[in-house]
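This report walks through selected features of one protein chain, taking backbone, charged groups, aromatic rings and the main pocket in turn. Please keep the sequence and the structure at hand while reading.

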Amino acid sequence: MSVTYTPEQEGETHINVYSRSETLLGRTTSNFERMHFLVPGMGSFASMEAFYYYVSTGERYDQLRRLSGLIAKREGQKLSAVKRDDFDDVMRLGVRSKYNENKHTFDELFITDSFNDHGDILPFVHYYVVGGGRVIVPQGNAWLTEEWTAIRSEFFAANPELLM
């Protein structure tokens, strides 16, 4: 059974990892968010969107590193993609690096934005909202919500007193 999430329910039933999320945690975990981080062995990036296109184009275009948001996406889409079998694992490394380099910010947001009014921990989901409020769930990027879920779970496992 598949659960359908809507923007109107965000913050009560889920957190949308999306640049236009209703929650600060959702916007901050988005690939578009400008939040510098260093990936071991790969260097520094201004956003996960920059990292995504840097990796998906064969790690050949250093000019992508400093970009974020829609500019990173548009510039990255102009370049030829290079398939790699470990893409999801490399993306997870990027998400974890973004967290590690900005740990204090994310830990605070995990505490303030992870729960609904009933104290339930909200799942991370990822969808876009387009014209007229139509929801589009992109395929092939489960790594994004899975890695944020894992990171937050590790945080609360290490800090159980913070669970409501």
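## An unusual backbone angle at Glu59

Glu59 counts as partly exposed, because its relative accessibility is 30%, and this value, like every other one in this report, comes from a predicted model. The residue has its place in the loop between α2 and α3, where Glu59 shows a positive phi of about 55° although it is not a glycine.

## Two buried residues and their surroundings

Phe37 lies in strand β2 and counts as buried, since its relative accessibility is 2% and the limit for that class is under 20%. Leaving aside neighbours within four places in sequence, Phe37 is in contact with a list of residues that includes Gly43, Ser44, Phe45, Ser47, Met48 and Phe51, and that also includes Gly94, Ser97, Lys98, Glu101 and Asn102. Ser47, one of these contacts, is ten residues from Phe37 along the chain, and the C-alpha atoms of the two are separated by 7.4 Å.

Ser30 is placed in the loop between α1 (24–29) and β2 (37–39), and with a relative accessibility of 4% Ser30 also counts as buried. When neighbours within four places in sequence are set aside, the contacts of Ser30 are Val17, Tyr18, Ser19 and Lys98. Lys98 thus appears in the contact list of Ser30 and in that of Phe37.

## Salt bridges

Side chains of opposite charge can pair when their charged atoms come close. The structure holds ten salt bridges, and among them is the one in which the side chains of Arg65 and Asp62 meet, at 3.0 Å from N to O. Asp62 counts as partly exposed, with a relative accessibility of 48%. Lys78 and Glu75 form another salt bridge, in which the closest N and O atoms are 2.9 Å apart; here Lys78 is exposed at 61% relative accessibility, whereas Glu75 is partly exposed, with a relative accessible area of 32%.

Which parts of the chain does the pair of Arg92 and Glu146 link? Arg92 forms a salt bridge with Glu146, with the closest N and O atoms 2.4 Å apart. This pair links distant parts of the chain, for Arg92 belongs to helix α4 (residues 87–101) and Glu146 to helix α6 (residues 142–158), and the two are 54 residues apart. Both partners fall into the partly exposed class, Arg92 with a relative accessible area of 22% and Glu146 with a relative accessibility of 41%. The pair also belongs to a network of salt bridges in which Arg92, Arg96, Glu146, Glu147 and Glu154 are linked.

## Aromatic pairs and charges over rings

A pair of aromatic rings is described by the distance of the centres and the angle of the planes. A search of the whole structure finds 15 aromatic pairs, one of them being the edge-to-face pair of Phe115 and Phe156, with 5.5 Å from centre to centre and 65° between the planes. Because Phe115 lies in the loop between α5 (103–113) and β4 (124–125) while Phe156 lies in helix α6, the pair ties together parts that are 41 residues apart in sequence. Phe115 is buried at 10% relative accessibility, and Phe156 is buried as well, with a relative accessible area of 4%. Phe115 and Phe156 take part in one aromatic cluster, which is formed by Tyr99, Phe106, Phe110, Phe115, Trp148, Phe155 and Phe156.

Charged side chains also lie over aromatic faces in this model. Arg65, already described as the salt-bridge partner of Asp62, lies over the face of Tyr54 at 4.4 Å from the ring centre. Lys73, in turn, lies over the face of Tyr128, at 5.7 Å from the ring centre.

## The largest pocket

The largest pocket has a volume of about 460 Å³. It is lined by 24 residues, of which Phe32, Glu49, Lys73, His126 and Tyr128 are the closest to its centre. Lys73 and Tyr128, which appear in this group, are the two residues of the charge-over-ring arrangement described above. At least two residues of the lining are supplied by each of α2 (48–56), α3 (69–77), β5 (128–130) and α6.

Terms used:
Residues are numbered from 1 along each chain as its sequence is written. This is a predicted model: local features need pLDDT of at least 70, side-chain atom pairs count only at pLDDT 80 or more; totals for chains, interfaces and linings use all residues. Side-chain values use heavy atoms; hydrogens and water are left out. A salt bridge is a side-chain nitrogen of Lys or Arg within 4 Å of a carboxyl oxygen of Asp or Glu. Buried means under 20% relative accessible area, exposed over 50%, partly exposed in between (1.4 Å probe, protein chains only). Helices (H or I, at least four residues) and strands (E, at least two) are DSSP runs, numbered from the N terminus. Contact means heavy atoms within 4.5 Å. Rings of Phe, Tyr and Trp (its six-membered ring) pair if their centres lie within 6.5 Å; planes under 30 degrees apart count as stacked, over 60 as edge-to-face and the rest as tilted. A charge sits over a ring if NZ of Lys or CZ of Arg is within 6 Å of the ring centre and within 35 degrees of the ring normal. On a 1 Å grid over the protein atoms alone, a cavity is a set of points where a 1.4 Å probe fits but cannot get out, and a pocket is an open set with protein on both sides within 12 Å along at least five of seven lines; lining residues have an atom within 4 Å of a point. Grid points are joined across faces, edges and corners, and a volume is the space filled by probe spheres set on the points.
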